[in-house]
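Work through the following exercises with the sequence and the coordinates at hand, and compare each result with the solution below it.

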Amino acid sequence: GRGDAQHQATIANLQDDAAAGLPNISDVDLSGKTDVPEIDAGYPASTPIDTGHPLAAPYTDGLFTKPATGNPTAIPPTLNQYPDYLNKPEFCASAIANNTSCATIPYKSGTRAYIESQSYDIVANFGDQFSDLLGGYADKTFKLPNPNYYLP
């Protein structure tokens with residue numbers, strides 16, 4: 001459910017700054033302390049997949065982020081940038097038709113359905129919110145505790 005605006009930063013956090021096309025950061029400011037070493041997680045890159053995102057690049061790296069919602073009152077008006085696979089009644093069709101944001105559960109389950117339609121099998125789905133897990137398209141789900149926040 002992360003927005004497209006967080007796409008590059010998410011890749012940088014999971015892999016490294018260069019993988020996200022960003023300059024390498026060696027230290028950060030944290031709680032007023034400077035020169036705290038910045039450590040990248042170093043996870044391997046996701047399997048590249050066509051995410052169906054209408055703004056193809058850079059959204060083919062296997063990370064699915066949520067497209068921006070359109071603004072029909074903007075000049076010129078902008079439209080939702082949701083992929084076609086979400087434009088189904090059981091997923092985000094009504095939000096797309098109304099140019100509004102798709103709710104979390106249909107967005108995430110529709111994305112999982114699309115991934116499975118690409119010959120993948122989602123064997124486990126882990127999340128700290130029930131909205132991460134509901135809607136199907138995973139063999140097994142695991143709810144992780146998160147004492148920091150809860151979304152009903």
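**Exercise 1.** Determine how many positive and negative side chains the protein chain has, and how far apart the centres of the two sets lie.

*Solution.* Begin with the count, in which Lys and Arg are positive, Asp and Glu are negative, and His and the chain ends are left out; this gives 8 positive and 17 negative side chains. Next, place each charge at NZ of Lys, CZ of Arg, CG of Asp or CD of Glu, after which the two centres are found 11 Å apart.

The model is predicted, so that local features need pLDDT of at least 70 and side-chain atom pairs count only at pLDDT 80 or more, whereas totals for chains, interfaces and linings use all residues. Residues are numbered from 1 along each chain as its sequence is written, and side-chain values use heavy atoms, without hydrogens and water.

**Exercise 2.** Establish the order of helices and strands along the protein chain.

*Solution.* Take helices (H or I, at least four residues) and strands (E, at least two) as DSSP runs numbered from the N terminus. The protein chain then has 4 helices and 4 strands, and their order along the sequence is α-β-β-α-α-β-α-β.

**Exercise 3.** Identify which residues of the largest nonpolar core touch the most other members.

*Solution.* Collect buried (under 20% relative accessible area, 1.4 Å probe, protein chains only) Ala, Val, Leu, Ile, Met, Phe, Trp, Tyr and Cys residues joined through side-chain atoms within 4.5 Å. The largest such core holds 14 residues, and Phe64, Leu86, Cys92, Cys102 and Tyr107 touch the most other members. Helix α3 (residues 104–117) gives the most to this core, with 4 residues. Finally, list contacts (heavy atoms within 4.5 Å): leaving out residues up to four places away in sequence, Tyr107 touches, among others, Gly1, Pro67 and Tyr82.

Methods
Buried means under 20% relative accessible area, exposed over 50%, partly exposed in between (1.4 Å probe, protein chains only).
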